[in-house]
Amino acid sequence: MAQVPPLYRHSYAPIIARALDEDFGAAGDITTDAIVAPEARARAAIVARRDGRLAGLDVAVDVFATLDPSITVEHGHRDGDDVAAGATLAVVAGPARVLLSGERTALNLLGRMSGIATTTRDLTRAVGNNKARIVCTRKTAPGLRLLDKYAVRAGGGVNHRFGLGDGVLIKDNHRIMAGGVEPAIERVRQRLGHMVKVEVEVDTMAELEEALGFDIDAVLLDNMAPALLAEAVALAGGRVVTEASGGITPDTVADVAAAGVDLISLGWLTHSVTNWDVGLDFEAQ
């Protein structure tokens with residue numbers, strides 16, 4: 001796979017700082033500080049324990065660099081690479097205390113991100129030659145949305161909204177509060193500029209037909225079986241972007257894609273992450 005454009009370090013630096021603060025607390029690493037001399041140095045290989053799609057390697061390395069900027073790194077792979085079990089992803093070298101104390105924070109982030117990327121890769125492959133793209137949602141771990149969504153991109157997927165201000169998504173509760181689809185759309189169109197996209201969630205063909213009568217850009221087809229999705233795509237006729245969501249699993253994603261939708265959004269992609277097994281193998285110097 002082509003390399004995914006990197007994250008800006010200043011964007012994720014606060015995430016690393018919060019994670020280290022959480023782990024170090026007020027007392028610091030009392031185990032390492034008692035056992036390891038301040039001047040001791042070590043090399044450590046970041047090693048994949050299973051095959052998968054890599055995401056978050058630079059973030060993991062920057063955990064160590066945050067603790068000591070003198071850390072050196074030799075990359076064996078880059079984000080977006082498919083790697084085999086046993087592959088050395090990178091080798092970091094520097095003060096042994098830094099490598100030991102930063103190990104868990106670095107591997108937590110790398111394992112989560114690569115787990116998301118690997119699942120996204122597998123789902124993208126399951127879509128096959130259909131046009132549908134795998135999309136994440138806002139169902140991310142609090143405080144980790146930047147990293148979760150980057151991992152989806154590394155896996156070959158694309159991002160939905162990063163936040164509430166990125167675009168309009170009129171859901172059933174919005175319709176209830178507005179008194180229907182039409183007043184909800186009218187209100188957002190009056191308030192927002194021409195660059196803002198408008199999507200409407202629908203549960204039935206009747207709701208879809210109603211929504212298509214207004215000036216919208218996309219429809220979210222919620223909890224529809226593949227056969228009904230195919231009907232919905234035919235009714236939309238390419239006038240709007242069609243997004244399937246709700247109840248989609250690895251076993252059904254191919255059938256959903258075959259229905260002809262443009263997007264398949266999956267909340268569990270980032271809220272029920274399967275951690276990718278990765279370790280840090282030390283060598284004293």
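The following exchange examines salt bridges, a sheet and a helix in a predicted model.

Visitor: How many salt bridges does a search of the whole structure find?
Guide: Side chains of opposite charge can pair when their charged atoms come close. A salt bridge is counted here when a side-chain nitrogen of Lys or Arg lies within 4 Å of a carboxyl oxygen of Asp or Glu. Searched as a whole, the structure yields a total of 15.

Visitor: How many residues apart in sequence are the parts that R49 and D281 tie together?
Guide: The side chains of R49 and D281 form a salt bridge with an N to O distance of 2.8 Å. R49 belongs to the loop between β1 (41-48) and β2 (52-53), whereas D281 belongs to strand β12 (residues 278-284), so the parts tied together are separated in sequence by 232 residues.

Visitor: Are R49 and D281 buried, partly exposed or exposed?
Guide: Buried means under 20% relative accessible area and exposed means over 50%. R49 has a relative accessible area of 39%, and D281 has one of 34%. Because both values fall between the two cut-offs, R49 and D281 are each partly exposed.

Visitor: Which helix contributes D58 to its salt bridge with R78?
Guide: The side chains of D58 and R78 meet at 3.8 Å, N to O. R78 sits in the loop between β3 (72-75) and β4 (82-83), and its partner lies 20 residues away. D58 is in residues 57-67, which form helix α3.

Visitor: In the salt bridge between E201 and K171, which residue is buried?
Guide: The closest N and O atoms of this pair are 4.0 Å apart. The bridge links strand β8 (residues 198-202), which holds E201, to the loop between β7 (168-170) and α6 (172-178), which holds K171. K171 is partly exposed at 35% relative accessible area. At 5%, the buried residue is E201.

Visitor: Which strands stand at the edges of the open sheet of four strands?
Guide: The sheet has the order β3-β5-β1-β12, with antiparallel pairing. An edge strand has a single partner strand, so one of its sides is left without a neighbour in the sheet. The strands in this position are β3 and β12.

Visitor: What is the bridge partner of T72 in β5?
Guide: β3 pairs with strand β5 (residues 88-95) in the antiparallel sense, over four bridges. Within β5, the residue bridged to T72 is A93.

Visitor: What angle does the direction of helix α4 make with that of β12?
Guide: Helix α4 (residues 96-127) packs on the sheet and touches β1, β5 and β12. α3 also packs on this sheet, and its direction makes about 10 degrees with that of β5. For α4 against β12, the angle is about 165 degrees.

Visitor: Within what arc do the buried residues of α9 fall?
Guide: In helix α9 (residues 226-236), the buried residues are L229, A232, V233 and A236. An α-helix has 3.6 residues a turn, so residues three or four places apart point the same way. The buried residues of α9 line one face of the helix because, seen down its axis, they fall within an arc of 100 degrees.

Visitor: Which exposed residues does the opposite face of α9 carry?
Guide: The buried residues of α9 are covered by elements including α8 (205-211), β9 (218-222), β10 (241-245) and α10 (253-258). On the face turned away from that buried side, the exposed residues are A227 and A234.

Definitions and conventions
Residues are numbered from 1 along each chain as its sequence is written. This is a predicted model: local features need pLDDT of at least 70, side-chain atom pairs count only at pLDDT 80 or more; totals for chains, interfaces and linings use all residues. Side-chain values use heavy atoms; hydrogens and water are left out. Helices (H or I, at least four residues) and strands (E, at least two) are DSSP runs, numbered from the N terminus. Buried means under 20% relative accessible area, exposed over 50%, partly exposed in between (1.4 Å probe, protein chains only). Two strands pair if DSSP finds at least two bridges between them. Contact means heavy atoms within 4.5 Å. Axes are lines fitted to C-alpha atoms, for helices over the stretch in contact, and angles run from 0 to 180 degrees between N-to-C directions. The arc is that of the directions from the helix axis to the C-beta atoms.
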